[in-house]
Amino acid sequence: MTTFAFALLFAASVFGYAWNRQAASSLRNDGQRLHSLSGFHGLYSFLCVSIPVFVLILVWLVFQGSVIDWLVTAPIAPENYATLETGPKQLVLAEIKSIAGGRIFGTPEDWKLAAAERLIQLRTMSAWLLLAAVFALAVTQVLRARRRVDADFRARQGAERMILGLIQFCAIFAVFVTVGIVFSLTFETIKFFRMVPPLEFLFGLNWEPQIPIRADQIAGAGAFGWLPVIVGTMVITVIAILVAVPTGLLTAIYLNEFASSRARAIIKPILEILSGIPTIVYGFFAVLVVAPAMRQFGADLGIAISPNTALAAGSVMGVMLIPFISSFADDALSAVPQSLRDGALALGATRGETMLSVLFPAAIPGIVGGVLLAVSRAIGETMIVVMAAGLIANMTLNPLDSVTTVTVQIVTLLIGDTSFDNPKTLAAFALGMMLFLVTLVINIFALRIVRKYREIYD
Amino acid sequence: MTDMTNRSAGKSNAEHISAGLARRHRKESILKGFGIAAISFAFLILGILLMTLVSTGYKAFTQTHLTIDVYVDPDVITRDALPRGAFDDLLENTLVEEFPDVDSSQDRRALLRIFSNGAQFTLRDRVVENPDLIGQTVSLNVPVADNFDQLNKDLISRDTPEEFRRLSDQEIAWFDALDEAGMISNPINFGLLTNADSRFPELAGLKGALVGSFWALLTCFLISFPVGIGAAIYLEEFAPKNKISDIIEVNINNLAAVPSVVFGLLALAVFIGWFGMPRSAPFVGGLTLALMTMPTIIIATRAALKSVPPSIREAAMGLGASRQQVVFQHVVPLAMPGILTGTIIGLAQALGETAPLLLIGMNAFITSAPSGPFDSATALPTQIFIWADSPERGFVSRTSAAILVLLAFLAFMNGIAIYLRQKFQRKW
């Protein structure tokens, strides 16, 4: 049915276009001087029809689900539905839906069958109503647009105004996404803080996210102190940066100063492959190769290394970040004015000395910006740590131990079934909020440094 | 002052410099050496990574099959009972005929385990499709169970003592006898691409994941491409220089650096929690990926628009075109190769993205390919995640094989992007 609605939208828009265009052409053929080309009259009608109808369909689709759910459940006796908690409510609804879909398990109660019946009726009705509404709106718009065709009608300006509005909306859409992120995270985080006090979350030393099955269970309440999680994140990030920064910088220095342009043309794309590989592949690599190799190496030296040591996840993440750092550093080095380089060489410095004592210090702000962005990436990186790091929050700085990270906890808390009313699920949103804030601050700071630095030399 | 002391020591300036020159050059070559070492390190890891994937993955591109003639016994299978029937007994009897000395019912069951679990269903489907086969002999070509597959590919060593091996000596002897009889083959594993997921490694394939990824990417493209281009055109060509434009711009740059898992949280809370969209649906996945891809497309499109020289705009303006006519009829078409390149690269990133899809439940275990964008499905990277987490040994090589498939798609998409750039991008 939805497909049909879209087809109708398309047909009506094209018809409006052709009709208006044809009308304008015949005006011109009668000898009148048109203000706008006939194509613009067509375009005007096309936009007049397609934009409102498209919005109508979208709004309908977004709201029809919840409206139908509400209408289906409203007549159910309160003791069967309205007084239930969210979880059981969803179960009842899911059962009604599967009955409506023809998948009946066991013998459902009569009221469920009735509700399913109602659901089917409502769905059909909604589909027909949508079609009727789309048709009515499309016809009105086509006629309205057609009525405006006239030699003096400024169709081009009209169409251009609508197009400008459309692309303006596209640009603002990006802001909506950010607002959506902030709102959804804040909303769920506030719910979380109603169950767990913020001070406990921010300064607690234990992270044991679980919900009691029975009220009298030992350690049933769970603990939601995020410090061990953030410490784990820091440990892995530091390892990743320790691998990525020296390698990335040396690579950039070599590429920028010593490599021939042919070598550059070969080396750079190969390095880019490293950044194009999906992170889940790195995660698999860490689990399959790096972690066992490190464990073996440790065993040979007589050191006990945990199977999901922070070292494995961190170093693999570091490898992933090498091209990131090197391309940032390369850009920063290239942005240093040629005059500085020439000056140093003219004074008799070797190329190495020029690099180390002139270019590199001059490029440091840009490099720092790149490193900060890499830090924010490492903090937010998910799949490598989900696969290679641990699940238990250990308060330790030992890189050989298993630690967990913010992203690992978010994923493990939300995998599987989720309802939005227990602290275990909501804790993931609180962690997400912290992650978003931390990376946002680092990003803003880093982007500012990079931009400011560019301005100095421009 | 230093000059004076040097002179007094009887050395000229040039002599002084040349004395240190060797040391300075040595220092320079050390720096150069470090640079080469760093690059070699990165290349080495890349090489190990790819080698590991190929060496563990290539074996999953073939699959050990057992070809056997099965007599569809009318005493066991009756036409009226279809599709029910003891097809496993049928297979068991057939194998027992090969090994007449097996008589205990325990051994008979063990013998049946040479077949993949899906073998009886393959047989059943064929008989259901053509009931005339009852009473006839059917030639069946089916995968063997994972352990035997691994034995055939030398992943299970015969030298391991029996108690540490997942196959008993007896089972290996049976398998070797079948092999000797020419009933074992190792054809190319088309099932890897044409089967959906399964608990049994020998039957598991990527079809569901490929179809799911296709729907997700299509949704992602249909949303992020028009919106991204529209936003970029507005910001680059029409936006007035004011506070609001600045905010939008800073916002897009920051959005590009937000961790992907946060987009997953947004999708979970907004799309699934508030709008009530279905979990695990490729449509929701595509929507989420679209939000992440959009900044990439916007940034690439703006760069492409910027590279179109002002002379084009001025010429069009001079001929009386309106601002929008200039942009939509001249600038955008000229910038199209750059825009497409950026879009394809953005989509390639989206194809490999895993974390947000995990949060919206696209890691469910689903044994059939989705028939539309609203059905539950997995995607390629989440399928890799599921397989990587599976305890069965057979999934290790399947995971590598799935990664190779994913990397092949990424290489293909990036290849197109590079081709477009080389072929169409003009230097003005």
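How many salt bridges does the rule count over all chains? In this predicted model, the count comes to 20 salt bridges.

**Exercise 1.** Find what the salt bridge of Asp69(A) ties together.

Solution. Step 1: the partner of Asp69(A) is Lys97(A), with the closest N and O atoms 3.5 Å apart. A salt bridge requires a distance within 4 Å, so the pair qualifies. Step 2: Asp69(A) belongs to helix H2 (residues 38-73) of chain A and Lys97(A) to helix H3 (residues 86-100), so the bridge joins parts 28 residues apart in sequence.

**Exercise 2.** Classify both partners of the salt bridge between Arg351(A) and Glu257(A) as buried, partly exposed or exposed.

Solution. Step 1: the N to O distance in this pair is 3.1 Å. Arg351(A) sits in helix H12 (residues 351-380) and Glu257(A) in helix H7 (residues 227-258), 94 residues apart. Step 2: buried means under 20% relative accessible area, and exposed means over 50%. Step 3: Glu257(A) has 4% and is therefore buried, while Arg351(A) has 41% and is therefore partly exposed.

**Exercise 3.** Describe the interface of chain A and chain B, beginning with its salt bridge.

Solution. Step 1: the rule finds 1 salt bridge across this interface. It runs from Arg24(B) in helix H2 (residues 13-57) of chain B to Glu353(A) in helix H12 of chain A, at 2.7 Å. Arg24(B) is buried at 16%; Glu353(A) is partly exposed at 24%. Step 2: there are also 12 residue pairs in polar contact between the two chains. Step 3: on the side of chain A that touches chain B, helix H5 (residues 155-195) gives the most, 20 residues. That side divides into 55 nonpolar, 19 polar and 6 charged residues. Step 4: the chains bury about 6,400 Å² between them, 80% of it on carbon and sulfur atoms.

Methods: Residues numbered from 1 in each chain as written. Chains lettered and ligands numbered in written order. Predicted model: local features only at pLDDT ≥ 70, side-chain atom pairs only at ≥ 80, totals over all residues. Heavy atoms only, no water. Buried area = accessible area lost by both parts, 1.4 Å probe. Salt bridge = Lys/Arg side-chain N within 4 Å of Asp/Glu carboxyl O. Polar contact = N/O pair within 3.5 Å; in protein donor to acceptor, adjacent residues only side chain to side chain. Helix = DSSP H or I, 4+ residues; strand = E, 2+ residues; numbered from the N terminus. Nonpolar A, V, L, I, M, F, W, Y, C, P; charged D, E, K, R; others polar. Buried < 20%, exposed > 50% of the residue type's maximum accessible area, 1.4 Å probe, protein only.
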